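User: Could you take a close look at the hollow spaces in this protein and walk me through them? I'm a first-year student, so please keep it plain.

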Amino acid sequence: MQFIGDFHIHGRYAQACSKTTTLDDLERNARIKGLHILGTGDAQHPLWNQEITSKLTEDDNGILWSKTKFPFIWQTEISLAYTQGGKGRRIHHVVLFPNGDVVKQFTDALLKRGRIDYDGRPIFGMSSIEFIDMLRSISTDIELIPAHAWTSWMAIFGSKSGFDSVEECFQDRAKYIHAIETGMSSTPAMNWRLSKLDKYNLVSFSDPHSSHPWRLGREATIFDIKEITYKHILHTIRTGDGLKGTIETPPEYGKYHYDGHRLCGITMTPAESRKVNKLCPKCKQEMTIGVEYRIEELADRPLGFKPAHGKPFHSLIPLHELISATCNIKLLHSKKITEIYHKLIGRFGTEYAVLLDAPIDMLRETVDEKLATLILQNRTGDVPIQPGYDGVYGKLLLNNNMSSQQALPTQQRTQTSLVEF
């Protein structure tokens, strides 16, 4: 049984997230996207938890079901702020739970350390080591996954406060870490360049701050297991058995791929950053160092290396973004973009079906040639992108005026081909 899951979600009580998100919204857009299961997001938040338990029904296998038979898994993201190794650390972790009873025990444990009602992604002053010890004291079936592992801020390998390895972060508890989340600004191909990561499975989830289909499921993981149960999902994440691959955004699309300083409008490649000692040439302050720089800093393998166990992945820009680029309309929920989007969904069923499987001749019958061609280029990794930096998303470029250093097709950037599942 093959299904696509997104297990890094937020509800409407998480800071910097949409205040209108509901479980119904998440389910509706997940179905449109082509997702088969979601994380609940923010499982410990009292108001969101109340909505989860009132709208979803948990079965004996730890899966929550909506009235229309869409499954969810108990999940949250926790922010940790602490000092380790003489350096301040701010790290985010995705946490998965086997059932609601364990979530309640987890919530009670957090309440002994601070408040949980002010944010769906609360901050606690404990180390990752203390945190995983707490989780395992509750249940060894709780799974911790370092979130958006390479993002400059709030990540295990982030340039601002991260570590150089899983072992440095968790020390002897690293044996309890089985997977890391690639995040939008990195792909499996980039992670393959570090031999120290070979022991960890690579998963990808979207961390959407709204339920919009251009956010939800923009990154996801493909499973092939006997049935949707927490036990089977946990086994796959921990062993890689049944892990078929991931759906990723091109790394340049992410907000922290290149180095730069947003306030001064400065962005640089790692080579350029090294020449100026990571300092913004305008204000002389240290720039935010991006994911590509950190990968190159820690990599012990050449660009294009693929280990024998490496899983295939798709690198895709969300469909709304493609439509927006061809229509030259920035507002993604505009009437025209929405009409074109639903015309494609009506013809092919889901967004993933459009992006991955729709025959080019049928696309040309449904939308104009420009968009049909762009969908195909997206599928084969030939869409140029101006890389994101310092919190600014990457931008699609539909002209040929950019230099190769500023924008490269995906196949040239990652030197890996997309494999159909």
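Analyst: Here is a tour of the spaces, followed by some charged pairs and two single residues. Keep in mind that this is a predicted model.

Let's start with the open space. The largest pocket holds about 730 Å³. Its lining is made up of 28 residues, and those nearest the centre of the pocket are Arg-121, His-148, Asp-207, His-209 and Lys-255. Sort the lining by class and you get nine nonpolar, eleven polar and eight charged residues. If you want to find some of that lining by eye, look at strand S6 (75-84) and strand S7 (87-96), since each supplies at least two residues to the largest pocket.

Now for the closed spaces. How many cavities of 30 Å³ or more are there? The count comes to two. The largest cavity has a volume of about 60 Å³. Around the largest cavity sit Ile-132, Leu-135, Arg-136, Ile-142, Glu-143, Leu-144, Tyr-176, His-178 and Arg-238. Two elements give two or more residues to this lining, helix H4 (128-138) and strand S9 (143-146). H4 has the largest share, with three residues. By class, the lining of the largest cavity splits into five nonpolar, one polar and three charged residues.

The second largest cavity contains about 40 Å³ of space. Its lining consists of Lys-33, Gly-217, Arg-218, Ile-247, Leu-316, Ile-317, Pro-318, Glu-351, Tyr-352 and Leu-355. Helix H12 (residues 351-356) gives the most here, three residues. The classes for the second largest cavity are six nonpolar, one polar and three charged.

Did you spot Lys-33 and Glu-351 in that lining? Their side chains meet in a salt bridge, at 3.0 Å from N to O. Lys-33 belongs to helix H1 and Glu-351 to helix H12, so this pair ties together parts that are 318 residues apart in sequence. Both Lys-33 and Glu-351 are buried. As a bit of background, side chains of opposite charge can pair when their charged atoms come close.

There are 17 salt bridges in the structure. Another one joins Glu-51 and Arg-12, whose closest N and O atoms are 2.7 Å apart. Glu-51 is in helix H2 (residues 46-55), while Arg-12 is in the loop between strand S1 (2-6) and helix H1 (23-33), so the pair ties together parts that are 39 residues apart in sequence. Again, both partners, Glu-51 and Arg-12, are buried.

Next, go back to helix H4, which we met at the largest cavity. Asp-133 forms a salt bridge with Arg-173, with 2.7 Å between the closest N and O atoms. Asp-133 is in helix H4 and Arg-173 is in the loop between H5 and strand S10 (179-181), so to speak two distant parts of the chain, 40 residues apart, that the pair links. Are these two buried or partly exposed? Arg-173 counts as partly exposed because its relative accessibility is 23%, and Asp-133 counts as partly exposed because its value is 33%. Salt bridges with shared partners also bring in Asp-172, joining Asp-133, Asp-172 and Arg-173 into one network.

Helix H5 (residues 166-170) is home to Glu-167. With 27% relative accessibility, Glu-167 counts as partly exposed. Leaving out residues up to four places away in sequence, Glu-167 touches Ala-174, Lys-199 and Tyr-200. From Glu-167 to Lys-196 you move 29 residues along the sequence, and the two are 9.4 Å apart in space, C-alpha to C-alpha.

Last stop: His-257. Where does His-257 lie? You'll find His-257 in the loop between strand S13 (243-248) and strand S14 (259-261). His-257 counts as buried because its relative accessibility is 1%, and the cut-off for buried is under 20%. Its neighbours, not counting residues up to four places away in sequence, are Ser-185, Met-190, Pro-251, Glu-252, Gly-290, Val-291, Glu-292, Pro-387 and Gly-388. One of them, Glu-292, makes a polar contact with His-257, side chain to side chain, at 2.8 Å.

Technical notes: Residues numbered from 1 in each chain as written. Predicted model: local features only at pLDDT ≥ 70, side-chain atom pairs only at ≥ 80, totals over all residues. Heavy atoms only, no water. 1 Å grid on protein atoms, 1.4 Å probe; cavity = no way out; pocket = protein on both sides within 12 Å on 5 of 7 lines; lining within 4 Å. Points joined across faces, edges and corners; volume = space filled by probe spheres on them. Helix = DSSP H or I, 4+ residues; strand = E, 2+ residues; numbered from the N terminus. Nonpolar A, V, L, I, M, F, W, Y, C, P; charged D, E, K, R; others polar. Buried < 20%, exposed > 50% of the residue type's maximum accessible area, 1.4 Å probe, protein only. Polar contact = N/O pair within 3.5 Å; in protein donor to acceptor, adjacent residues only side chain to side chain. Contact = heavy atoms within 4.5 Å. Salt bridge = Lys/Arg side-chain N within 4 Å of Asp/Glu carboxyl O.
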